[in-house]
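Subject: Handing over the model

Hi,

Here is the structure I promised to pass on. Have a look at it first, and then read my notes below.

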Amino acid sequence: MLYKEDWELTKLEYEKWWNKETKKPLLSVTASKEESKGKAYEWSGWDLVAKKDDPQKAVDNFEQRAQDILYLGGAYPNLWLNLGPGVLAAYITGFLKFTGDTVWFEYPMEWDEVEKFLDCLDENNEWWLYTKRLAHLVGERSQGKFIPGMTDIGGVADVLASLRGTENLLMDFIENPERVLSSMDKILELWHYVYDEVYGILSKYMEGTSAWMGLWCPGRWYPIQCDFSAMISPKMFERFVAPYLKEHACHLDHTIYHLDGPGEIPHVDMLLDIEEIDGIQWVPGAGNPDVLSEVWLKLYERIQKKGKLLVLNSESITFDKLQRLFERISPEGVFVSGHCDSEAEAYEILEWREKI
(Lines give C-alpha, C1' and ligand atoms only; values in the text may rest on other atoms or scores of the structure.)
Protein backbone atom coordinates (compact mmCIF):
# COMPACT_ATOMS: atom_id res chain seq x y z
CA MET A 1 0.00 0.00 0.00
CA LEU A 2 1.41 3.38 -1.02
CA TYR A 3 0.98 5.12 2.35
CA LYS A 4 1.40 1.97 4.49
CA GLU A 5 4.23 -0.26 3.30
CA ASP A 6 3.76 -3.16 5.75
CA TRP A 7 -0.01 -3.46 5.29
CA GLU A 8 0.01 -7.24 4.69
CA LEU A 9 1.79 -7.83 8.00
CA THR A 10 -0.53 -5.36 9.74
CA LYS A 11 -3.58 -7.30 8.55
CA LEU A 12 -2.18 -10.42 10.22
CA GLU A 13 -1.69 -8.50 13.47
CA TYR A 14 -5.32 -7.35 13.37
CA GLU A 15 -6.56 -10.86 12.72
CA LYS A 16 -4.63 -12.15 15.74
CA TRP A 17 -5.95 -9.28 17.88
CA TRP A 18 -9.61 -9.91 17.01
CA ASN A 19 -9.12 -13.63 17.69
CA LYS A 20 -7.32 -12.92 21.00
CA GLU A 21 -4.30 -14.88 19.83
CA THR A 22 -1.57 -12.47 20.94
CA LYS A 23 -0.30 -11.44 24.36
CA LYS A 24 0.96 -8.09 23.07
CA PRO A 25 -1.13 -4.94 22.73
CA LEU A 26 -1.98 -3.71 19.24
CA LEU A 27 -0.57 -0.20 18.99
CA SER A 28 -1.67 2.20 16.25
CA VAL A 29 0.95 4.94 16.16
CA THR A 30 1.20 7.92 13.81
CA ALA A 31 3.63 10.80 13.50
CA SER A 32 4.17 13.59 11.03
CA LYS A 33 7.20 12.94 8.87
CA GLU A 34 10.06 15.21 9.86
CA GLU A 35 10.26 16.91 6.48
CA SER A 36 6.56 17.84 6.63
CA LYS A 37 6.46 19.52 10.04
CA GLY A 38 4.90 22.97 9.89
CA LYS A 39 3.29 22.25 6.54
CA ALA A 40 -0.30 23.45 6.07
CA TYR A 41 -3.00 21.12 4.73
CA GLU A 42 -6.46 21.63 3.29
CA TRP A 43 -7.74 18.30 4.61
CA SER A 44 -10.43 18.36 7.27
CA GLY A 45 -12.31 15.39 8.65
CA TRP A 46 -15.48 17.13 7.45
CA ASP A 47 -14.33 17.47 3.83
CA LEU A 48 -16.75 14.87 2.48
CA VAL A 49 -19.66 16.98 3.78
CA ALA A 50 -18.16 20.40 3.08
CA LYS A 51 -17.20 19.43 -0.48
CA LYS A 52 -20.36 17.57 -1.37
CA ASP A 53 -20.28 19.17 -4.82
CA ASP A 54 -16.65 18.12 -5.36
CA PRO A 55 -15.82 14.99 -3.33
CA GLN A 56 -12.85 14.28 -5.60
CA LYS A 57 -11.20 17.36 -4.08
CA ALA A 58 -11.87 16.01 -0.61
CA VAL A 59 -10.08 12.78 -1.49
CA ASP A 60 -7.20 14.78 -3.00
CA ASN A 61 -6.88 16.68 0.28
CA PHE A 62 -6.88 13.45 2.28
CA GLU A 63 -4.10 11.98 0.13
CA GLN A 64 -1.98 15.11 0.39
CA ARG A 65 -2.07 14.73 4.17
CA ALA A 66 -1.66 10.93 4.17
CA GLN A 67 1.58 11.04 2.21
CA ASP A 68 3.18 13.08 5.00
CA ILE A 69 2.09 10.79 7.85
CA LEU A 70 4.11 7.89 9.22
CA TYR A 71 1.74 4.97 9.91
CA LEU A 72 3.27 2.48 12.34
CA GLY A 73 1.97 -0.65 14.04
CA GLY A 74 -1.78 -0.93 13.54
CA ALA A 75 -2.06 2.56 12.06
CA TYR A 76 -3.20 2.95 8.46
CA PRO A 77 -4.61 5.72 6.24
CA ASN A 78 -8.34 5.44 6.91
CA LEU A 79 -10.71 7.50 4.76
CA TRP A 80 -14.08 6.66 6.22
CA LEU A 81 -17.29 8.17 4.86
CA ASN A 82 -17.79 10.88 7.47
CA LEU A 83 -21.16 12.58 7.02
CA GLY A 84 -21.73 13.04 10.74
CA PRO A 85 -22.52 10.72 13.68
CA GLY A 86 -25.89 9.06 13.18
CA VAL A 87 -26.34 9.84 9.49
CA LEU A 88 -29.08 7.20 9.27
CA ALA A 89 -31.42 9.93 10.56
CA ALA A 90 -30.67 11.98 7.42
CA TYR A 91 -31.37 8.94 5.22
CA ILE A 92 -34.81 8.78 6.88
CA THR A 93 -35.79 12.46 6.96
CA GLY A 94 -33.51 14.13 4.40
CA PHE A 95 -32.47 16.68 7.06
CA LEU A 96 -28.74 17.31 7.57
CA LYS A 97 -27.35 20.64 8.82
CA PHE A 98 -23.60 21.20 8.49
CA THR A 99 -22.26 24.07 10.59
CA GLY A 100 -18.62 23.95 9.52
CA ASP A 101 -17.32 21.87 12.39
CA THR A 102 -20.19 19.50 13.15
CA VAL A 103 -23.39 18.03 11.70
CA TRP A 104 -26.91 18.15 13.16
CA PHE A 105 -29.66 15.64 12.41
CA GLU A 106 -32.27 16.42 15.06
CA TYR A 107 -35.59 17.04 13.35
CA PRO A 108 -38.30 16.60 16.03
CA MET A 109 -41.59 15.22 14.72
CA GLU A 110 -44.87 13.95 16.11
CA TRP A 111 -45.22 10.20 16.42
CA ASP A 112 -47.51 9.79 13.40
CA GLU A 113 -44.94 11.53 11.19
CA VAL A 114 -42.06 9.49 12.64
CA GLU A 115 -43.87 6.25 11.97
CA LYS A 116 -44.70 7.33 8.42
CA PHE A 117 -41.02 8.05 7.71
CA LEU A 118 -40.03 4.66 9.11
CA ASP A 119 -42.32 2.68 6.82
CA CYS A 120 -39.57 2.45 4.22
CA LEU A 121 -36.31 4.11 3.22
CA ASP A 122 -36.63 6.56 0.34
CA GLU A 123 -34.08 5.24 -2.14
CA ASN A 124 -33.99 8.69 -3.78
CA ASN A 125 -32.98 10.42 -0.54
CA GLU A 126 -30.12 12.76 -1.51
CA TRP A 127 -27.88 11.81 1.42
CA TRP A 128 -28.39 8.09 0.87
CA LEU A 129 -27.61 8.48 -2.84
CA TYR A 130 -24.55 10.58 -1.97
CA THR A 131 -23.29 7.97 0.51
CA LYS A 132 -23.45 5.22 -2.09
CA ARG A 133 -21.78 7.44 -4.67
CA LEU A 134 -19.07 8.27 -2.17
CA ALA A 135 -18.54 4.60 -1.37
CA HIS A 136 -17.82 3.90 -5.04
CA LEU A 137 -15.66 7.00 -5.44
CA VAL A 138 -13.57 6.48 -2.29
CA GLY A 139 -13.34 2.76 -3.01
CA GLU A 140 -12.03 3.36 -6.52
CA ARG A 141 -9.58 6.05 -5.38
CA SER A 142 -8.31 3.90 -2.50
CA GLN A 143 -6.82 1.15 -4.65
CA GLY A 144 -3.25 0.44 -3.55
CA LYS A 145 -3.10 3.65 -1.49
CA PHE A 146 -5.42 3.77 1.54
CA ILE A 147 -8.35 2.04 3.27
CA PRO A 148 -11.96 3.24 2.79
CA GLY A 149 -14.23 3.03 5.83
CA MET A 150 -17.93 2.71 6.63
CA THR A 151 -20.04 5.77 7.37
CA ASP A 152 -21.19 6.54 10.94
CA ILE A 153 -24.70 5.05 10.91
CA GLY A 154 -25.40 5.83 14.58
CA GLY A 155 -27.09 4.05 17.45
CA VAL A 156 -30.72 2.91 17.16
CA ALA A 157 -31.96 5.02 20.09
CA ASP A 158 -29.72 7.93 19.02
CA VAL A 159 -31.36 7.94 15.60
CA LEU A 160 -34.83 7.87 17.15
CA ALA A 161 -33.79 10.80 19.37
CA SER A 162 -33.00 12.75 16.18
CA LEU A 163 -36.51 11.99 14.89
CA ARG A 164 -38.44 12.70 18.08
CA GLY A 165 -36.15 15.18 19.84
CA THR A 166 -34.07 14.11 22.83
CA GLU A 167 -36.33 15.53 25.55
CA ASN A 168 -39.43 14.10 23.89
CA LEU A 169 -37.88 10.66 23.63
CA LEU A 170 -36.91 10.66 27.30
CA MET A 171 -40.60 11.17 28.14
CA ASP A 172 -41.62 8.60 25.52
CA PHE A 173 -39.57 5.93 27.29
CA ILE A 174 -42.02 6.34 30.16
CA GLU A 175 -45.26 7.34 28.43
CA ASN A 176 -45.08 5.60 25.03
CA PRO A 177 -42.82 2.56 25.49
CA GLU A 178 -44.61 0.40 22.90
CA ARG A 179 -44.32 3.10 20.24
CA VAL A 180 -40.64 3.51 21.10
CA LEU A 181 -39.95 -0.21 20.76
CA SER A 182 -41.93 -0.51 17.53
CA SER A 183 -40.00 2.40 15.99
CA MET A 184 -36.67 1.06 17.20
CA ASP A 185 -37.46 -2.28 15.57
CA LYS A 186 -37.93 -0.48 12.26
CA ILE A 187 -34.77 1.60 12.72
CA LEU A 188 -32.83 -1.59 13.46
CA GLU A 189 -34.01 -3.06 10.14
CA LEU A 190 -32.98 0.12 8.30
CA TRP A 191 -29.65 0.13 10.13
CA HIS A 192 -28.80 -3.38 8.96
CA TYR A 193 -30.02 -2.61 5.44
CA VAL A 194 -27.78 0.47 5.24
CA TYR A 195 -24.78 -1.39 6.63
CA ASP A 196 -25.21 -4.27 4.20
CA GLU A 197 -25.63 -1.95 1.21
CA VAL A 198 -22.56 0.17 1.98
CA TYR A 199 -20.51 -2.89 2.90
CA GLY A 200 -21.57 -4.47 -0.40
CA ILE A 201 -20.12 -1.51 -2.27
CA LEU A 202 -16.90 -1.13 -0.28
CA SER A 203 -16.18 -4.87 -0.35
CA LYS A 204 -15.74 -4.59 -4.12
CA TYR A 205 -12.67 -2.46 -3.49
CA MET A 206 -11.17 -3.81 -0.28
CA GLU A 207 -10.80 -6.81 1.96
CA GLY A 208 -12.40 -6.61 5.39
CA THR A 209 -13.96 -3.58 7.04
CA SER A 210 -12.85 -0.27 8.52
CA ALA A 211 -14.81 2.47 10.30
CA TRP A 212 -14.39 5.70 12.27
CA MET A 213 -12.71 3.98 15.23
CA GLY A 214 -9.58 3.29 13.20
CA LEU A 215 -9.70 -0.49 13.52
CA TRP A 216 -9.46 -2.84 10.55
CA CYS A 217 -11.14 -6.23 10.63
CA PRO A 218 -10.88 -9.11 8.13
CA GLY A 219 -14.64 -9.67 8.44
CA ARG A 220 -17.74 -7.50 8.87
CA TRP A 221 -17.36 -5.30 11.93
CA TYR A 222 -18.70 -2.04 13.32
CA PRO A 223 -18.56 0.23 16.41
CA ILE A 224 -22.00 -0.02 18.00
CA GLN A 225 -23.28 2.58 20.41
CA CYS A 226 -26.05 4.31 22.32
CA ASP A 227 -25.00 7.78 23.46
CA PHE A 228 -28.61 8.35 24.54
CA SER A 229 -28.08 5.75 27.28
CA ALA A 230 -26.14 8.25 29.40
CA MET A 231 -29.54 9.77 30.26
CA ILE A 232 -31.43 6.60 31.23
CA SER A 233 -31.39 4.06 34.05
CA PRO A 234 -29.91 0.56 33.84
CA LYS A 235 -33.46 -0.81 33.95
CA MET A 236 -34.39 1.22 30.85
CA PHE A 237 -31.09 0.25 29.23
CA GLU A 238 -31.96 -3.40 29.72
CA ARG A 239 -35.34 -2.96 28.01
CA PHE A 240 -34.69 -0.37 25.31
CA VAL A 241 -31.00 -0.68 24.41
CA ALA A 242 -29.36 -4.02 25.24
CA PRO A 243 -31.57 -6.16 22.93
CA TYR A 244 -30.70 -3.99 19.91
CA LEU A 245 -26.98 -4.12 20.68
CA LYS A 246 -27.20 -7.89 20.77
CA GLU A 247 -29.01 -7.88 17.41
CA HIS A 248 -26.18 -5.81 15.91
CA ALA A 249 -23.58 -8.17 17.34
CA CYS A 250 -25.38 -11.20 15.93
CA HIS A 251 -25.70 -9.57 12.50
CA LEU A 252 -21.97 -8.77 12.26
CA ASP A 253 -18.80 -10.79 12.66
CA HIS A 254 -17.33 -8.45 15.28
CA THR A 255 -18.46 -5.43 17.31
CA ILE A 256 -16.88 -2.98 19.73
CA TYR A 257 -19.21 -0.96 21.96
CA HIS A 258 -18.49 2.78 22.05
CA LEU A 259 -18.77 3.61 25.78
CA ASP A 260 -19.04 7.39 25.72
CA GLY A 261 -18.46 9.11 29.03
CA PRO A 262 -19.09 8.50 32.75
CA GLY A 263 -22.87 8.66 32.23
CA GLU A 264 -22.73 5.26 30.54
CA ILE A 265 -20.63 3.51 33.20
CA PRO A 266 -23.75 2.30 35.12
CA HIS A 267 -24.49 0.07 32.10
CA VAL A 268 -21.05 -1.55 31.90
CA ASP A 269 -21.92 -4.80 33.65
CA MET A 270 -24.90 -5.34 31.37
CA LEU A 271 -22.74 -4.66 28.31
CA LEU A 272 -20.09 -7.08 29.50
CA ASP A 273 -22.75 -9.77 29.90
CA ILE A 274 -23.65 -9.57 26.19
CA GLU A 275 -21.46 -12.42 25.04
CA GLU A 276 -21.65 -11.49 21.37
CA ILE A 277 -20.00 -8.06 21.87
CA ASP A 278 -16.23 -8.45 21.40
CA GLY A 279 -15.01 -5.44 23.30
CA ILE A 280 -15.42 -1.96 24.73
CA GLN A 281 -14.00 1.35 23.57
CA TRP A 282 -13.75 3.84 26.42
CA VAL A 283 -14.15 7.56 25.70
CA PRO A 284 -13.83 9.67 28.89
CA GLY A 285 -15.66 12.71 27.52
CA ALA A 286 -14.76 16.39 27.43
CA GLY A 287 -13.01 17.76 30.50
CA ASN A 288 -12.09 14.32 31.90
CA PRO A 289 -8.62 12.71 32.09
CA ASP A 290 -7.32 11.04 28.93
CA VAL A 291 -7.80 7.31 28.31
CA LEU A 292 -4.19 6.64 29.35
CA SER A 293 -4.80 8.07 32.84
CA GLU A 294 -4.68 5.77 35.86
CA VAL A 295 -8.11 7.19 36.83
CA TRP A 296 -9.75 4.59 34.59
CA LEU A 297 -7.76 1.51 35.68
CA LYS A 298 -10.61 -0.06 37.66
CA LEU A 299 -12.90 0.25 34.64
CA TYR A 300 -10.28 -1.41 32.43
CA GLU A 301 -9.86 -4.22 34.96
CA ARG A 302 -13.62 -4.86 34.91
CA ILE A 303 -13.59 -5.06 31.12
CA GLN A 304 -10.56 -7.33 30.99
CA LYS A 305 -11.87 -9.60 33.74
CA LYS A 306 -14.78 -10.45 31.42
CA GLY A 307 -12.37 -11.36 28.62
CA LYS A 308 -13.39 -8.44 26.41
CA LEU A 309 -11.14 -6.51 24.05
CA LEU A 310 -10.30 -2.98 25.19
CA VAL A 311 -9.98 -0.05 22.75
CA LEU A 312 -8.34 3.20 23.82
CA ASN A 313 -8.12 6.00 21.25
CA SER A 314 -5.99 8.89 22.47
CA GLU A 315 -5.23 12.11 20.61
CA SER A 316 -1.57 11.84 21.58
CA ILE A 317 0.56 9.15 23.13
CA THR A 318 4.00 9.05 24.70
CA PHE A 319 6.32 6.22 25.61
CA ASP A 320 6.08 7.03 29.33
CA LYS A 321 2.27 7.02 29.38
CA LEU A 322 2.05 3.69 27.58
CA GLN A 323 4.67 2.10 29.81
CA ARG A 324 2.80 3.19 32.95
CA LEU A 325 -0.51 1.90 31.57
CA PHE A 326 0.81 -1.58 30.82
CA GLU A 327 2.52 -1.83 34.20
CA ARG A 328 -1.00 -1.76 35.64
CA ILE A 329 -3.20 -3.66 33.16
CA SER A 330 -2.70 -6.72 31.00
CA PRO A 331 -1.54 -5.94 27.45
CA GLU A 332 -3.60 -8.82 26.05
CA GLY A 333 -6.53 -7.72 23.91
CA VAL A 334 -5.75 -4.01 24.22
CA PHE A 335 -5.70 -1.60 21.28
CA VAL A 336 -4.21 1.85 21.77
CA SER A 337 -4.03 4.53 19.09
CA GLY A 338 -2.54 7.99 19.11
CA HIS A 339 -0.24 10.53 17.49
CA CYS A 340 3.37 11.09 18.54
CA ASP A 341 5.22 14.38 18.51
CA SER A 342 8.19 12.87 16.69
CA GLU A 343 9.18 9.98 14.45
CA ALA A 344 11.82 8.97 17.01
CA GLU A 345 9.29 8.48 19.80
CA ALA A 346 6.93 6.61 17.48
CA TYR A 347 9.68 4.12 16.62
CA GLU A 348 10.69 3.87 20.28
CA ILE A 349 7.13 2.87 21.21
CA LEU A 350 7.00 0.13 18.58
CA GLU A 351 10.41 -1.22 19.62
CA TRP A 352 9.27 -1.33 23.25
CA ARG A 353 6.09 -3.16 22.25
CA GLU A 354 8.16 -5.98 20.75
CA LYS A 355 9.91 -6.51 24.08
CA ILE A 356 6.73 -6.86 26.16
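Where is the place of K20? K20 sits in the loop between α1 and β1. (Helices and strands here are DSSP runs, numbered from the N terminus: H or I over at least four residues for a helix, E over at least two for a strand.) K20 is not a glycine, yet its phi is positive, at about 60 degrees. With a relative accessible area of 46%, K20 is partly exposed. (Buried means under 20% relative accessible area, exposed over 50%, and partly exposed in between, with a 1.4 Å probe and protein chains only.)

Some ground rules before the rest. This is a predicted model, where local features need pLDDT of at least 70 and side-chain atom pairs count only at pLDDT 80 or more, while totals for chains, interfaces and linings use all residues. Residues are numbered from 1 along each chain as its sequence is written, and side-chain values use heavy atoms, with hydrogens and water left out.

Now to the strands, starting with β13 (residues 334-340). Six of the seven residues of β13 are buried, so the rest of the structure largely encloses this strand. β1 (residues 26-32) pairs with β13 in the parallel sense, over six bridges. (Two strands pair if DSSP finds at least two bridges between them.) In that pairing, L26 stands opposite F335. β12 (residues 309-316) also runs parallel to β13, and five bridges join the two. There, L310 has V334 as its bridge partner. To get from β12 to β13 the chain passes through α14, in a β-α-β crossover that is right-handed. (That is, with the strands pointing away from the viewer, the path from the first strand over the helix to the second runs clockwise.)

G338 is in β13 too. Its relative accessibility is 10%, so G338 counts as buried. Leaving out residues up to four places away in sequence, G338 touches S28, V29, T30, S314, E315 and I317. (Contact means heavy atoms within 4.5 Å.) G338 and E34 are 304 residues apart along the chain, and their C-alpha atoms are separated by 17 Å.

What about β11 (residues 279-283)? How many of its five residues are buried? Four are, and the strand is mostly covered. β10 runs parallel to β11, with five bridges joining them, and L259 has W282 as its bridge partner. β11 also pairs with β12 in the parallel sense, over three bridges; here G279 stands opposite L309. From β11 the chain crosses through α13 (residues 297-305) to β12, and this β-α-β crossover is right-handed.

On to the aromatic rings. The structure holds 24 aromatic pairs. (Rings of Phe, Tyr and Trp, the last by its six-membered ring, pair if their centres lie within 6.5 Å; planes under 30 degrees apart count as stacked, over 60 as edge-to-face and the rest as tilted.) Y14 and F335 make a tilted pair, because their ring centres are 6.3 Å apart and their planes are at 35 degrees. This pair links distant parts of the chain, with Y14 in α1 (residues 7-18) and F335 in β13, 321 residues apart. Both Y14 and F335 are buried. F319 and W352 form an edge-to-face pair, at 5.8 Å centre to centre and 85 degrees between the planes. F319 is in α14 (residues 319-328) and W352 in α15 (residues 343-355), so this pair ties together parts that are 33 residues apart in sequence. F319 and W352 are both buried. There is also a cluster linked by ring pairs, made of W7, Y14, W17, W18, Y76, W216, W221 and F335.

Two charges sit over rings. K52 lies over the face of Y130, 5.4 Å from the ring centre, and R220 does so over Y199, at 5.1 Å. (The cut-offs: NZ of Lys or CZ of Arg within 6 Å of the ring centre and within 35 degrees of the ring normal.)

Last, two helices. The buried residues of α11 (residues 242-251) are A242, Y244, L245, H248 and A249. They cover an arc of only 165 degrees around the axis, which puts them on the same side of α11. (The arc is that of the directions from the helix axis to the C-beta atoms.) Among the elements that cover them are α7 (156-164), α9 (177-202) and β9 (221-225). In α8 (residues 166-175) you will find L170, which is partly exposed at 25%. L170 is in contact with F228, M231 and I232, leaving aside neighbours within four places in sequence.

Cheers
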